[in-house]
Amino acid sequence: MDGVISAVMDNVWAIWLLIGAAMVFFMQGGFAAVESGFTRAKNAGNITMKNLIDFCIGTVVFVLLGNGLLMGAPKLGGLIGMPNLSIFTDYQNYDFSAFVFNLVFAATAATIVSGAMAERTKFISYCIYSGIISLVIYPIEAGWVWGGEGHFLADRGYLDFAGSSAIHMVGGITGFIGAALVGPRIGKYVQDKKTGKKVAKAIPGHSLTLGALGCFILWFAWYGFNGAAATDVRQFGSILLTTTIAPAIATVTAMIVTWVKYGKPDVSMSLNGSLAGLVAITAGCAYVDAAGSAVIGIVAGVLVVVAVEFVDKVLHVDDPVGAVAVHGFNGMFGALAVGLFANPNVPGADGNPSGVAGLFYGGGFKQLGIQVMGVAMIAGWTAVTMTIVFLLIKKIIGLRVTKQEEIDGLDIHEHNLPSAYADWLPAVDQSLIGVDLSDTLPAGAKVAEKISVPVVNTAPEGVKITNVTVLTNQSKFEDLKMAVEEIGITGVTVTNVLGYGMQKGNPAVYRGAKLESSLRPKIKMEIVVSKVPVPLLVNTVRQALYTGQIGDGKIFLYGVENVVKVRTGEEGYDALQDNP
């Protein structure tokens with residue numbers, strides 16, 4: 001009878017492994033939502049495509065080589081697995097479950113980088129990177145940890161149950177290197193006029209709601225990520241408990257830290273706190289108890305806030321979604337935390353105590369030393385190999401899109417997609433205000449010299465009220481605003497609009513069908529004047545906008561019958577004066 005029960009339970013846990021693998025695959029959707037929500041709408045289609053292609057390219061290369069390097073017979077002192085093609089030559093005896101399980105984890109490591117390099121990376125360059133990390137970089141280091149007997153770190157007792165270091169730290173380090181080499185987004189860093197120092201500007205994402213949905217998806221799927229390898233009910237329950245406590249406490253901690261630091265609880269940073277707690281508990285989820293997971297959560301909640309600001313404000317590396325802080329810093333901390341908080345009485349694979357003891361549970365420095373060695377080895381391998389990979393890609397085909405492509409959005413230029421939200425009105429991109437865009441003209445275009453028009457400074461006879469409406473590119477807003485302020489204009493109304501001229505926007509194709517016209521984002525500035533001469537205003541606007549290229553804009557003049565100031569009841573000329 002015991003044998004029957006044992007056989008049934010073996011099959012139950014084998015089925016659960018595959019269900020857990022499917023949950024890990026679902027994390028691709030969570031990452032896509034988080035990264036899209038935390039970036040601008042003009043790049044949402046590109047982000048979605050990258051998360052899709054990570055898994056698909058990863059599957060191809062993992063079949064050919066990656067899985068063999070990870071799970072093959074250890075060679076070179078356990079530093080590499082011997083690849084084989086048994087998936088093709090001996091399919092009937094192949095371990096299908098292990099392949100699927102390892103594949104979905106490889107895809108997770110690859111997709112972390114998408115967020116760190118978002119909004120300015122060439123799609124072809126990203127595809128090449130994605131293939132390389134799943135082909136060689138990840139399989140080799142993951143084999144050290146999970147390849148089994150004979151593999152380097154496994155033989156030395158290194159513990160990373162579900163991948164704080166082998167997956168998340170690798171993704172975070174790779175994201176940091178990629179983001180540093182590709183450079184920051186246009187308008188992210190500006191020179192402070194008073195101090196001359198480089199200052200980081202916020203570039204908010206287009207949908208915190210979408211980002212939050214992605215966070216909930218990831219949290220749900222993380223129960224499969226951490227729990228899929230469980231082989232006992234008590235061990236499984238303990239894993240899910242720690243996988244709940246750590247992110248919950250990390251979220252509360254991040255909320256409190258931002259509340260104290262900024263005066264209000266920060267939504268996006270709290271979402272990052274949830275993910276940081278999940279990353280930090282991933283290595284030790286099967287080795288720590290409730291108290292240990294709580295402490296890990298507290299540290300993760302503080303660490304993610306500090307790390308986000310450190311990367312952004314000190315290192316000046318532009319990471320739009322906080323991937324380096326969430327995965328890199330907390331992945332490293334999570335692996336080290338096993339050496340600190342592992343409790344020998346936590347249920348192991350057979351339900352009995354695991355026997356793994358960290359520094360704070362009577363184990364001394366032995367396990368911590370092993371963890372430090374493993375983290376250093378994995379981090380060093382990743383940093384060296386991925387730096388080489390990105391430098392080669394940058395040298396051969398380039399990492400970054402052109403300035404104009406970045407300004408317009410990667411959706412339109414990389415995927416011929418006018419917008420991921422076809423019926424929505426895009427917002428004015430505040431990060432581009434004041435940025436020099438003189439080098440974004442088409443290749444070979446002849447740039448006309450800046451015009452110089454005579455300025456008329458005398459007011460016209462009589463009192464005349466005129467509405468001057470200007471339509472132009474969003475990127476010219478700051479130049480236009482400063483120019484009209486210099487001639488005494490004290491009030492303007494600016495509207496975000498869509499439109500096209502004789503050229504009908506950029507030609508586009510959607511799902512194989514040609515779009516008749518592509519609406520382009522513009523700004524409409526309305527100025528009602530009576531005191532400032534209209535010719536002066538028109539000439540000033542022309543000087544501010546003129547490049548000699550199609551799309552400089554247009555100026556419309558309308559007569560205004562009357563103006564009434566609501567507060568005082570003044571009318572006409574008097575209503576437009578700035579009187580207290």
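Tutor: Let's start with a yardstick: the expected span of a helix is 1.5 Å times one less than its number of residues. Keep in mind that this model is predicted.

Student: What makes the span of α10 close to the expected one?

Tutor: Helix α10 covers residues 267-282, 16 residues in total. At 1.5 Å a residue the expected span is 22 Å, and from first C-alpha to last the helix reaches 23 Å, so the two values are close.

Student: And why is α10 called mostly covered?

Tutor: A residue is buried when its relative accessible area is under 20%. In α10, 14 of the 16 residues are buried, so "mostly covered" fits. Over the whole protein, 50% of the 580 residues count as buried.

Student: What makes Ile-124, Ile-128, Val-384, Ile-388, Leu-392, Ile-396 and Ile-397 a nonpolar patch?

Tutor: Patch members need over 30% relative accessible area, and nonpolar side chains are joined within 5 Å. These seven count as a patch because they satisfy that rule, and together they have about 630 Å² of accessible area. Two elements, α5 (123-146) and α13 (366-396), each give two or more residues.

Student: Which helix gives the most?

Tutor: That's α13, with four residues; Val-384 is one of the patch residues and lies in α13.

Student: How do you know where to be careful with the model?

Tutor: Look at pLDDT, the predictor's confidence on a scale from 0 to 100. The protein's mean is 88, but residues 453-461 stay under 50, and residues 509-513 are also below 50. Where pLDDT is low, the predicted coordinates shouldn't be read in detail. That goes for the 14 contacts the model shows for 453-461 beyond four places in sequence.

Terms used: Residues are numbered from 1 along each chain as its sequence is written. This is a predicted model: local features need pLDDT of at least 70, side-chain atom pairs count only at pLDDT 80 or more; totals for chains, interfaces and linings use all residues. Side-chain values use heavy atoms; hydrogens and water are left out. Patches are made of residues with over 30% relative accessible area and no salt bridge: like charges are joined within 9 Å, nonpolar side chains (Val, Leu, Ile, Met, Phe, Trp, Tyr) within 5 Å. Accessible areas come from the Shrake-Rupley method with a 1.4 Å probe; for residues, only the protein chains shown count as cover. A salt bridge is a side-chain nitrogen of Lys or Arg within 4 Å of a carboxyl oxygen of Asp or Glu. Contact means heavy atoms within 4.5 Å. Buried means under 20% relative accessible area, exposed over 50%, partly exposed in between (1.4 Å probe, protein chains only).
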